[in-house]
Amino acid sequence: MNKWVSAFGWVLFLLIIALILSALFVNSGNSISDNSIAIVPLYGVITSQVGSPTFLNPSTGISSTYIIKKIDELNKDENVKGIIFEIDSPGGEVVASQEIADAVKKLNKPNYAVIRSTGASGGYWIASATDKIFASPMSITGSIGVIGSYLEFSGLMEKYGIDYERFVTGKYKDMGSPFKDVPEDERNLLQNKMNKIHDYFVEQVSINRNLELSKVNKLATGEFYLGSEAKELQLIDEFGNREVAVEFMKKELNLEDANVIEIQREVSLFELIGGFGAYHFGKGFANELIKFELENKFKINV
Amino acid sequence: MVKNLQYKIKNHPASYWKRFVAYMIDVFIIYLIIVIPFGDHLKKFDNTFTFLQADKSLFFISLIIVLLTLLYFVILEFKYKQTIGKMFFDIYVASEKGDLSLQQIILRNITKPFSIVFIIDVAYMLFKRNNQRLFEVFSNTLVVEKGVALK
């Protein structure tokens with residue numbers, strides 16, 4: 001037989017194997033089975049974008065970009081009857097927290113939050129957007145407030161005779177630069193912006209938790225509340241962990257035999273191998289340098 | 001006779017560009033017959049940040065793609081001493097020591113599904129006179145032009 005024909009026969013054979021295996025995956029429970037409750041873990045600092053997880057660094061925090069995408073997928077999946085967000089987060093970027101909270105509010109199926117050790121600030125903002133909040137009496141919650149800070153090096157630079165040469169086309173273009181002392185007008189401007197974010201945060205918590213704005217305003221001192229205190233203050237609804245929340249949801253859905261699936265963020269085999277590569281090493285090194293520069297500028301977090 | 005054969009093989013290694021284009025053709029075929037059938041599954045996962053069900057489906061899909069990719073090279077080189085890409089350029093896999101065995105073929109192709117390792121493997125070619133990859137050296141194989149006697 002002509003070797004070309006014979007070789008293409010083997011190629012066809014491999015194609016058939018690939019198609020059969022692909023079809024097996026469809027039927028092997030890869031897709032979420034009927035009547036499922038999805039657990040979505042939200043662990044770490046909330047940011048809009050995070051790096052790729054690798055074998056060496058599997059923890060990358062909460063990326064609003066991907067969480068929103070996942071929330072949307074779960075919302076559209078008819079097999080998912082309810083969603084539980086398991087939160088262990090001290091907060092993070094303002095917009096990223098707001099984006100996730102907004103996505104949660106758009107869900108058209110029951111959704112709860114379970115606060116583990118910490119569900120503070122931006123983490124609490126997200127929790128407040130769910131239908132019901134569970135927490136341990138010892139969990140750290142609340143911390144409704146805004147923080148903005150940076151390290152200011154002007155004194156250190158002066159000590160070593162380093163000057164900050166300023167070239168700007170707008171008066172406030174280098175507002176928040178770590179290389180100069182903060183003038184009073186800039187300090188007021190930054191504080192006003194933070195106040196506006198604070199007011200929005202408080203308003204959202206008030207709407208989400210159906211609490212009077214004045215009450216939330218009183219609580220929004222930035223103080224964190226233990227779960228036991230938070231329940232008295234109506235910042236959470238129930239004491240309990242994931243299992244308790246699942247039982248509540250099963251009862252609400254009237255689905256005693258619901259499957260509980262955990263949506264995990266993991267590293268693919270290709271990423272795992274790629275994580276060792278020189279490219280990722282170099283990229284990581286460069287990212288750290290850029291991060292140092294950015295992290296030392298004025299940043300606002302909730 | 002053996003000395004003469006080895007002389008010919010060592011002096012007729014396939015050129016870089018033929019090997020590169022042949023490999024690109026193979027990659028294209030692998031994409032068509034192996035990656036595309038799993039496209040719907042792979043679409044569920046972002047390429048930099050993946051969510052996965054507890055059944056670790058992405059891991060198994062990746063593993064299947066790796067094994068089928070390896071099978072493509074191993075089956076064709078074992079049966080014909082050529083892949084489809086190599087057939088286009090009439091270049092062949094040859095053994096430096098005795099008959100080309102299945103073990104040699106598996107060893108020479110083992111790096112192909114793993115891009116990072118494969119890059120290191122291929123980079124070695126630049127420092128080797130016979131255009132041999134590192135794992136071709138390990139497996140005592142090389143890719144030769146048509147006309148070279150094949151065992």
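**Legends to the close-up views**

**Surroundings of Leu42(A) in the predicted model.** Leu42(A) touches eight residues beyond its four nearest places in sequence on either side, namely Ile62(A), Ile67(A), Phe85(A), Glu86(A), Ile87(A), Asp88(A), Ser89(A) and Ile126(A); a contact is a pair of heavy atoms within 4.5 Å. In this predicted model, local features need pLDDT of at least 70 and side-chain atom pairs count only at pLDDT 80 or more, whereas totals for chains, interfaces and linings use all residues. Residues are numbered from 1 along each chain as its sequence is written, chains are lettered from A and ligands numbered from 1 in the order in which they are written, and side-chain values use heavy atoms, leaving out hydrogens and water.

**Two separate nonpolar cores.** The largest core holds 43 residues, of which Leu42(A), Ile71(A), Phe85(A), Ile100(A), Val104(A), Ile144(A) and Leu235(A) touch the most other members. Helix α3 (residues 94-105) of chain A supplies the largest share of this core, six residues. A second, separate core of 21 residues includes Phe25(A) together with Ile33(B), Ile34(B) and Ile75(B). A nonpolar core joins buried Ala, Val, Leu, Ile, Met, Phe, Trp, Tyr and Cys residues through side-chain atoms within 4.5 Å.

**Helix α2 (residues 64-76) of chain A****.** The end C-alpha atoms of this 13-residue helix are 18 Å apart, in agreement with the 18 Å that it should span at 1.5 Å a residue; the expected span is 1.5 Å times one less than the number of residues. Within α2(A), the residues Ser64(A), Tyr66(A), Ile67(A), Lys70(A), Ile71(A), Leu74(A) and Asn75(A) are buried (under 20% relative accessible area, against over 50% for exposed and in between for partly exposed, with a 1.4 Å probe and protein chains only).

**The salt bridge between Arg242(A) and Glu86(A)****.** The closest N and O atoms of this pair are 3.0 Å apart. Arg242(A) in helix α9 (residues 242-253) is thereby linked to Glu86(A) in strand β4 (residues 80-89), 156 residues away in chain A. Both Arg242(A) and Glu86(A) are buried. A salt bridge is a side-chain nitrogen of Lys or Arg within 4 Å of a carboxyl oxygen of Asp or Glu, and by this rule there are 19 over all chains.

**Two salt bridges of Arg108(B)****.** Arg108(B) pairs with Glu77(B), with the closest N and O atoms 2.7 Å apart. This pair joins helix α6 of chain B to helix α4 (residues 57-80), across 31 residues. Arg108(B) also pairs with Glu136(B), where the corresponding distance is 2.4 Å. Here helix α6 is linked to helix α8 of chain B, the two residues being 28 residues apart. Arg108(B) and Glu77(B) are buried, as is Glu136(B). The wider network of salt bridges also takes in Arg19(B), Lys86(B), Lys112(B), Asp121(B) and Arg133(B).

**A nonpolar surface patch on chain B****.** Phe78(B), Leu102(B), Ile106(B), Leu107(B), Ile110(B) and Phe138(B) make a patch of about 490 Å². Its residues have over 30% relative accessible area and no salt bridge, with nonpolar side chains (Val, Leu, Ile, Met, Phe, Trp, Tyr) joined within 5 Å and, for charged patches, like charges within 9 Å. Helix α6 (residues 102-109) gives the largest share, three residues. Phe138(B) lies in helix α8 (residues 134-138) and, at 47% relative accessibility, counts as partly exposed.

**Chain B as a whole.** Chain B contains eight helices and three strands, which are DSSP runs (H or I, at least four residues; E, at least two) numbered from the N terminus. Buried residues make up 50% of its 151 residues. Its accessible surface is about 7500 Å², 68% of it belonging to carbon and sulfur atoms (Shrake-Rupley method, 1.4 Å probe; for residues, only the protein chains shown count as cover).

Technical notes. Lists of a residue's contacts leave out its neighbours within four places in sequence.
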